[in-house]
Amino acid sequence: WTRGEASSVTFSGPVEFLLGNVGREAGTLVFKGKFETESLITGEVEFSPLVGDRPSKSGTFKAVRAGDG
């Protein structure tokens with residue numbers, strides 16, 4: 001991950017979501033957020049499929065450091 005200006009942070013990686021028992025959807029997840037505290041990051045996430053003309057999907061996330069509740 002990379003830490004941006006102030007308390008912003010961006011991290012990404014390849015993922016595969018299973019589609020029932022018939023297939024999978026491969027793509028990349030990109031998280032863009034900011035440190036609310038030392039152990040809490042909140043922000044937006046976007047999934048971009050690797051194949052096909054399907055649109056990206058987006059949402060929000062909240063990440064808590066393990067062991068901090």
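## Strands, core and side-chain pairs in a predicted model

Ile-41 has its place in strand β4. The structure described here is a predicted model. Within that model, Ile-41 has a relative accessible area of 13% and is buried, because buried means under 20%. Leaving aside neighbours within four places in sequence, Ile-41 is in contact with Val-9, Gly-33, Lys-34, Phe-35, Phe-61, Lys-62 and Ala-63. A further relation concerns Val-64: Ile-41 and Val-64 are 23 residues apart in sequence, and their C-alpha atoms are 6.6 Å apart in space.

### The strands around β4

Strand β4 is paired with β3 and also with β5. Between β3 and β4, which run antiparallel, there are ten bridges. A hairpin of two residues leads from β3 to β4. One of the bridges involves Thr-37, whose partner in β4 is Leu-40. Strands β4 and β5 likewise run antiparallel, and eight bridges join them. Leu-40 takes part here as well, since its bridge partner in β5 is Val-64. In general, the side chains of a regular strand alternate between the two faces of the sheet.

### The nonpolar core

Which residues make up the largest nonpolar core? This core has eight residues, namely Val-9, Leu-29, Phe-31, Phe-35, Ile-41, Val-45, Phe-47 and Phe-61. Strands β3 and β4 are the elements that give two or more residues to this core. Leu-29, a member of the core, touches Phe-11, Ser-12, Gly-13, Val-15, Phe-17, Val-45, Glu-46 and Phe-47 when residues up to four places away in sequence are not counted.

### Aromatic pairs

A search of the whole structure finds four aromatic pairs. In one of them, the rings of Phe-11 and Phe-31 have centres 4.8 Å apart and planes at 15 degrees, so this pair is stacked. Phe-11 belongs to strand β2 (residues 8-19) and Phe-31 to strand β3, so the pair ties together parts that are 20 residues apart in sequence. Phe-11 is partly exposed, and its relative accessible area is 28%.

Phe-11 also forms an aromatic pair with Phe-61; this pair is edge-to-face, with 6.1 Å from centre to centre and 80 degrees between the planes. Phe-11 in strand β2 and Phe-61 in strand β5 are 50 residues apart, and their pair links distant parts of the chain. Phe-61 has a relative accessible area of 12% and is buried. Through ring pairs, Phe-11, Phe-31 and Phe-61 are linked into a cluster.

### Salt bridges

Side chains of opposite charge can pair when their charged atoms come close. The structure holds three salt bridges, which are set out below.

| Salt bridge | Closest N to O distance |
|---|---|
| Glu-16 and Arg-24 | 3.2 Å |
| Arg-54 and Glu-25 | 3.0 Å |
| Lys-57 and Glu-25 | 3.7 Å |

Where do Arg-54 and Glu-25 lie? Arg-54 is in the loop between β4 (40-49) and β5 (57-64), while Glu-25 is in strand β3 (residues 23-37), so their salt bridge ties together parts that are 29 residues apart in sequence. The side chains of Glu-25 and Arg-54 are also joined by a polar contact of 3.0 Å.

Is Glu-25 buried or exposed? Glu-25 counts as buried, because its relative accessibility of 7% is under the limit of 20%. Arg-54, by contrast, is partly exposed, with a relative accessible area of 45%.

The salt bridge between Lys-57 and Glu-25 links distant parts of the chain, as Lys-57 is in strand β5 and Glu-25 in strand β3, 32 residues apart. Salt bridges with shared partners join Glu-25, Arg-54 and Lys-57 into one network.

The surroundings of Glu-25 complete this description. Apart from neighbours within four places in sequence, Glu-25 is in contact with Val-15, Glu-16, Phe-17, Leu-19, Phe-47, Pro-49, Arg-54 and Lys-57. Among these contacts, Arg-54 and Lys-57 belong to the salt-bridge network of Glu-25, and Phe-47 is a member of the largest nonpolar core.

Technical notes:
Residues are numbered from 1 along each chain as its sequence is written. This is a predicted model: local features need pLDDT of at least 70, side-chain atom pairs count only at pLDDT 80 or more; totals for chains, interfaces and linings use all residues. Side-chain values use heavy atoms; hydrogens and water are left out. A salt bridge is a side-chain nitrogen of Lys or Arg within 4 Å of a carboxyl oxygen of Asp or Glu. Helices (H or I, at least four residues) and strands (E, at least two) are DSSP runs, numbered from the N terminus. Buried means under 20% relative accessible area, exposed over 50%, partly exposed in between (1.4 Å probe, protein chains only). Rings of Phe, Tyr and Trp (its six-membered ring) pair if their centres lie within 6.5 Å; planes under 30 degrees apart count as stacked, over 60 as edge-to-face and the rest as tilted. A nonpolar core is a set of buried Ala, Val, Leu, Ile, Met, Phe, Trp, Tyr and Cys residues joined through side-chain atoms within 4.5 Å. Contact means heavy atoms within 4.5 Å. A polar contact is a pair of N or O atoms within 3.5 Å; within protein, one must be able to donate a hydrogen and the other to accept it, and residues adjacent in sequence count only if both atoms are side-chain atoms. Two strands pair if DSSP finds at least two bridges between them.
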